[in-house]
Amino acid sequence: MLKPILLVEDNPHDLELTLIALSRSQLANEVIIARDGAEALDYLTCRGPYAKRQAGNPAVVLLDLKLPKVDGLEVLKSIRSTDGLKSTPVVMLTSSKEEQDLLRSYELGVNAYVVKPVDFTEFVRAIADLGIFWAVLNEPPPGSARYVRPPK
Amino acid sequence: MIQAPPAPSPFDLSSCDKEPIRFPGSIQPHGFLLCLSPARRIVQASDNLAAHAGVAATAAIGGTLEAVIGAAAAEMLLAELDQDRLGERPAYLATVQLPNDSWFDVLGHAFDGLVLLEFETIARTAAATFRDLFPLVGEFMQQLPAAPSVEAMSQTAARQIRKLTGFGRVMVYQFDRDGHGHVIAESRDADHPSYLGQRFPGTDIPRQARELYTINRIRLIQDANYTPSRLVPETNPLTGKPNDLSFAALRSVSPIHLQYMRNMDTLASMSVSIIVKGQLWGLISCHHAAPRPLEFDKRSACEQLGQVLSLCIESREDADDLQFRLDLRRIMVSMLAGLTHGADFIDNMSQVFPELLRFARAGGAAIVVDDRLIRFGNAPDEAQIRALVDWLGVNSHDDLFHTDHLSAAYPPAAEYVSNASGLLAMPISRIHKHYLLWFRPEVVHTIDWAGNPHEKDGAQNLRAQLTPRTSFASWRETIHGTSVPWRSGELELAIEFRSALLGIALERAEQMAELADELGRANKELEAFSYSVSHDLRAPLRHIVGFSNLLMESDSDPQTRQRFLANIKDSARLAGKLVDDLLSFSQMGRAALRPVAVDMADLVQGCIDKLAGEVGERKVEWRIGELPVIQADPTFLQLAVYNLLANAVKFTGQQELAIISVDASVMDTQTVFRVADNGAGFNMDYVHKLFGVFQRLHRMEDFQGTGIGLANVRRIVERHGGRVWAESAPGEGATFYFSIPNELDS
């Protein structure tokens, strides 16, 4: 009955490192991968290739800030303005320490903003902490649909 | 337009202004007046009726015309009146002989409900004939247009009128702006002293007299020593008010004026008005030492000559003014041409200073814009100009301020009268105290007054004030602190010049706005630059660290270790390329273009050769059309073309056969190049991001790139004055276009 984590990441190296970090955190949640902002929105709104997916929102969206086509801020804005998605937790996961990105993200209603540490050990710990907090400890917002694992 | 108020005139005889000269209640006695009611009854008569016609005025009232002037004369006049052609201006009706054998010319006009019949004594014993006068007017009309100047025309007019009238002195006066009369032409006999060149103070002719001169263009006083003949009854019986005798030829004149004439040793005078553009421009003034009659026919001829002279002056002044404005406009156009060249408005202005002075016939000029003050020629010093501008800022709020007597309006200017007695100040901003100033030097001049005008100063008692001055001896006055006056053409052209200047300033402001846009974009790029240093460069470094860490963990299999190694190499390469791209991008903003003739066929081929490494074993079909030679910076342009071709190679990576074509179309003003591929294409929704710095439309693993390549292309093309754009649809390849102007501005 665990809700999946939606990881939105276009950089294959970051993706690999993040998946390694998540797997080391012993989380049982499924990780859905979107490779750009448009794909993430397709998943979240059950559009296109995800038209037939099981209904329900992810436990958390780990969102890269810089993405091709639709960037992280645009995805966040879209989530916050879509009924049924509004309260889904979104964590901005980024290399950018730029204040403008941080401010903009909070303005748009991000739940957390995490700068990916350069040091690998710290990176792994950060990702694990995130996963545990949002996918396990955090009580999901009321009224969000229950997620049922699709039959294998 | 604002004009400085004139300095208070020292010649003020204001009570003269109040004399009711149109309603004197009397006439000159060289004729008599009968006023008829609409029923042709005599309702008013002058009291000299008895002297002229042998019937007392009181006896005539209520009676018929016949009873006073006899049946024959009355019949003749009534027949004329029945034709009902009387207007406000007196018309010649007939020449009549009264029962007492005296002969009169009769003029009639209608006013205030009455018919006014004026009987003027004449020497003739026959009707007036105008036939002799026509050749005279004809001759005059021929002479006038040939005269070289207004003064020469006036001279001709004076001579002709003296010939016609036999007056001893005929002068032509011109009134100046302040109403002072200036004698510009004169014809006289030896017995009459000359007044040529003299000035008569404006107060010699009071305001209401000027008005009357404007509506009634001729006035004769036969004998300054006359005793006026009063009207009986005193008021118009129809209105109960004094008769308005504005148009009556016999109208009695002010006793002050008669005294003035006597003081001047002039017992007869006649004035003919010169009306130019509806304004009293001047007078033809005739004097004679002894009393002198002048019959209606000759007066009519004089009036005609006066009108011809008026028209000729008007057309001459128009022509002169037109020529003057044309010359001014020529100077203005050359100035404006000079002003549009350089970037700095004030520097441009100082380039055209000589024209600026010629334009305003000025000795000096200055421009004041914020802290900058530039002086040229004969101008007050900087502190003086600053103080003057402060004063102008408070005291003038219009398009222009001008004066030919600055120290009268602004006393501190007394310090620099020699430089700036005249000022034309033009605000060149609607908000700030920015001025263009022209200065005219002092023109010290002398005025020959006909009599000392200051003698009429207010220190005298009221009685003395109403006594006209007695001295007509020439009195010379030296005038200080004034400049040549500003002509209306100059002021109007200055306003035109000002709006052209504001237009230029506006255009400049637009250019500045464009520049600001450009600057804004450059700043944004700079931000993107620093952003990418913090963001894009940190990512590959983090990857190198991460995969190195993983590599050092011993538990992974050799295949995984191999992949980690490849990732490290890949990240290091990307980091290096990113640094290179960033450097070239930032360089492009600074380096100067060095355009030469570039053979685009060679350039494209060079890029294709360089791309061989990227293409590797892949099959790429290059379709290169005919490419022209253009003007461009070869190093930069090569980078742009290389980026576009590399882009095409990159995005056709998944095609079995990549087809990349390059061609060009040469147009009138620019050449447009096209790079088309059959690759992955992109969604046009994101086209606005395509040429931005560090924007990628594709995922990292699909197409490697730093996101700077197309930004570089755009920057290079725009530095050449061209434009770059793209068209595509996902899966259908992409086409990139860029244009390079055929003529580069550099």
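Start by selecting strand β23 (residues 619-624) of chain B and strand β25 (residues 657-666) of chain B: they run parallel and are joined by six bridges. Strands here are DSSP runs of E with at least two residues, helices are runs of H or I with at least four, and both are numbered from the N terminus; two strands pair if DSSP finds at least two bridges between them. Click on I624(B), and you'll find its bridge partner in β25(B), V662(B).

A quick note before moving on: this is a predicted model, where local features need pLDDT of at least 70 and side-chain atom pairs count only at pLDDT 80 or more, while totals for chains, interfaces and linings use all residues. Residues are numbered from 1 along each chain as its sequence is written, chains are lettered from A and ligands numbered from 1 in the order in which they are written, and side-chain values use heavy atoms, with hydrogens and water left out.

Now add strand β26 (residues 670-677) of chain B. Which way does it run against β25(B)? The two are antiparallel, with seven bridges joining them, and they form a hairpin with three residues in between. Look for A664(B), which stands opposite F673(B).

Go back to β23 and pick R623(B) and E621(B). They form a salt bridge, with the closest N and O atoms 2.8 Å apart. (That term means a side-chain nitrogen of Lys or Arg within 4 Å of a carboxyl oxygen of Asp or Glu.) R623(B) is partly exposed at 44% relative accessibility; buried would be under 20%, exposed over 50%, and partly exposed is in between, using a 1.4 Å probe and protein chains only.

Next, select R563(B) and E16(A), another salt bridge, at 2.1 Å between the closest N and O atoms. R563(B) sits in helix α17 (residues 558-590) of chain B and E16(A) in helix α1 (residues 12-24) of chain A, so this pair joins two chains. Is E16(A) buried or exposed? It's buried, at 15%, whereas R563(B) is partly exposed, at 42%.

For one within a single helix, try R207(B) and E211(B), whose side chains meet at 3.2 Å, N to O. They are four residues apart in helix α7 (residues 207-215) of chain B, so about one helical turn separates them.

Last stop: G197(B), in the loop between β9 (181-188) and β10 (199-200) of chain B. Leaving aside neighbours within four places in sequence, G197(B) is in contact (heavy atoms within 4.5 Å) with H182(B), V183(B) and D448(B).
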